[in-house]
Amino acid sequence: MDLPASRGRWRRRSARSHLPLVVAVLLLLLPTSLLFSSAYSTMLRALFPVPSTPGGADTPRPRCGGSAELEGERFLWYAPHSGFSNQVGEFRNAAVAAALLNRTLVVPPVLDHHAVVLGSCPKFRVTDPASLRAAVWDHAMKLLLDRRYVSMGDIVDLSSIKSMVRTIDFRVFASLWCGVDMRKACFSRLCCAVSGGSSMPDDYNRCRSLLSGLGGSEKGCVYPVQDDCRTTVWTYQQDDDGALDQFQPDDELKRRKKISYIRRRRDIYKALGPGSQAEDATVLAFGTLFSGPYRGSESYFDIHESPKDQRIQRILDKIEFLPFAPEIMAAGKEFAKNNIKEPFLCAQLRLLDGQFKNHWKTTFSALKEKLKAVELEMKRNKTGGLIHMFIMTDLPPANWTKTFLANVATDERYKLYMLKESDELVLQTSENLMAAEHGVRSGLLPKIIESTKKDCDPVQLPEILLSIEESVCSCASLGFVGTAGSTIAGSIETMRKNNVCKL
């Protein structure tokens with residue numbers, strides 16, 4: 001039986017059964033506001049479990065870890081969120097935590113932009129870890145059902161950390177540990193061969209409940225980490241375990257939001273490593289692992305150097321920069337070499353998303369100053385001619401009217417270049433990328449792989465335009481100007497610092 005396309009549809013079907021009187025009374029007493037909350041949706045899953053298909057109840061299934069292939073393995077799972085660059089940052093932190101705690105990192109899918117939202121750590125307004133993990137599971141299942149699944153390991157090259165951090169693709173993990181069928185998340189043959197399993201709704205629901213922690217925890221199975229950025233900053237060997245963090249909610253925020261959180265710095269190895277309650281759990285499940293600097297501190301994960309542990313320091317050095325997969329890097333270089341053909345400037349202009357839509361003036365001002373600097377440099381070197389410029393922006397050309405971009409586009413001193421998702425280079429790179437199956441190949445695989453004579457129906461090709469654009473910008477020999485505060489700009493700066501493009 002295929003995985004149903006709607007979790008809500010399961011709830012409606014099961015709700016027809018006769019309710020016990022006590023449950024009916026509890027439902028009548030629920031506040032109206034709860035009926036429309038995510039908590040109510042969660043409660044329904046607990047109160048009205050979807051019945052197994054005929055015969056399913058007679059087949060006993062182990063509750064925690066369903067495959068002998070995984071015997072002895074211990075995993076780290078976490079809940080990525082927000083945009084792609086934030087997800088990459090979380091992945092880097094997760095890799096460090098997995099290596100530090102001697103666990104195999106479950107490599108998640110790339111989530112749709114802001115499909116899962118954390119909230120604001122500085123404002124102490126965030127989604128709790130259990131709900132965040134459930135939201136990631138639900139979105140992963142949506143990607144599976146929509147045939148749009150792509151692994152973080154497909155997009156990011158993990159080869160540089162393979163010898164230091166054990167990994168397993170989420171599709172393989174869900175198939176082996178949960179016993180669920182993930183083949184609808186595959187593009188090619190190997191993934192199909194290692195991602196089979198049951199399609200019974202009970203199995204998906206059970207795994208969701210275990211990994212999220214919403215259904216409680218079972219000793220030795222999953223340890224759900226409930227400490228988030230409101231109360232905790234993770235450290236390692238900094239001799240400050242239990243100390244108050246520098247950033248705390250101020251008195252006005254406490255009064256206005258009626259909160260009483262206290263942020264403490266905690267050594268992650270002492271809290272979750274050997275001798276802790278988490279040590280014996282097969283899966284250690286975090287909420288977010290995203291972190292950023294704020295008021296002299298870190299919002300959640302403050303492990304950037306490890307002078308006392310050279311093994312972890314080597315991992316920190318490697319994880320600082322993870323390039324895109326070879327196919328993406330090659331596509332950016334090809335566009336720069338064969339389409340632009342000249343030394344060029346790259347401008348990354350984020351204008352529509354979030355806070356950036358309110359800072360057009362600042363963004364365009366930075367571009368103007370950069371163009372003036374390039375013009376002066378060309379005059380100094382007596383290298384006249386056009387200024388070639390690659391533009392990556394979320395503002396469609398049709399909306400450039402009455403903006404500085406419109407002025408640049410019509411100015412004869414400049415020649416502009418852009419890429420579109422429908423360009424042949426982008427489409428062909430996307431197909432080559434998925435056919436390579438980097439995500440599945442880079443991690444743990446079962447010793448016995450099911451033979452398959454043909455590829456399963458492939459997922460849709462992923463949208464990788466942004467990644468290729470970043471790769472193009474890494475080749476810009478006349479320089480780079482990015483949007484202040486954009487993680488995409490930060491990613492490009494890191495690529496350029498590591499000199500990844502040599503034309």
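**View 1. Helix 19 lies across three strands of the predicted model.** The strands beneath helix 19 (residues 465-473) are strand 12, strand 13 and strand 15. Relative to strand 13, helix 19 runs at about 150°.

**View 2. Four strands form an open, parallel sheet.** Their order is 14-13-12-15. Strand 14 (414-417) and strand 15 (479-481) are the edge strands, and each of them pairs on one side only. Direction ignored, neighbouring strands of the sheet are turned by 25° against each other on average.

**View 3. Strand 13 pairs with strand 14 in the parallel sense.** Four bridges join strand 13 (residues 387-393) to strand 14. At one of the paired positions, Met389 has Leu416 of strand 14 as its bridge partner. Helix 15 (residues 360-380) packs on the sheet and touches strand 12 (344-349), strand 13, strand 14 and strand 15. The direction of helix 15 makes about 175° with that of strand 12.

**View 4. Helix 14 packs with helix 17.** The axes of helix 14 (residues 326-340) and helix 17 (residues 424-436) are 9 Å apart and make an angle of about 160°. Because angles over 145 degrees count as roughly antiparallel, helix 14 is roughly antiparallel to helix 17. The crossing of helix 14 past helix 17 is right-handed. Helix 14 contributes Glu327, Ile328, Ala331, Glu334 and Phe335 to the contact, and helix 17 contributes Leu425, Thr429, Asn432, Leu433 and Ala436. By class, six residues in this contact of helix 14 with helix 17 are nonpolar, two are polar and two are charged.

Notes. Residues numbered from 1 in each chain as written. Predicted model: local features only at pLDDT ≥ 70, side-chain atom pairs only at ≥ 80, totals over all residues. Heavy atoms only, no water. Axes fitted to C-alpha atoms, helices over the stretch in contact; angles between N-to-C directions. Helix = DSSP H or I, 4+ residues; strand = E, 2+ residues; numbered from the N terminus. Parallel < 35°, antiparallel > 145°, perpendicular 65-115°, else oblique. Left-handed = near helix turned anticlockwise from the far one by under 90°. Contact = heavy atoms within 4.5 Å. Nonpolar A, V, L, I, M, F, W, Y, C, P; charged D, E, K, R; others polar. Pairing = 2+ DSSP bridges.
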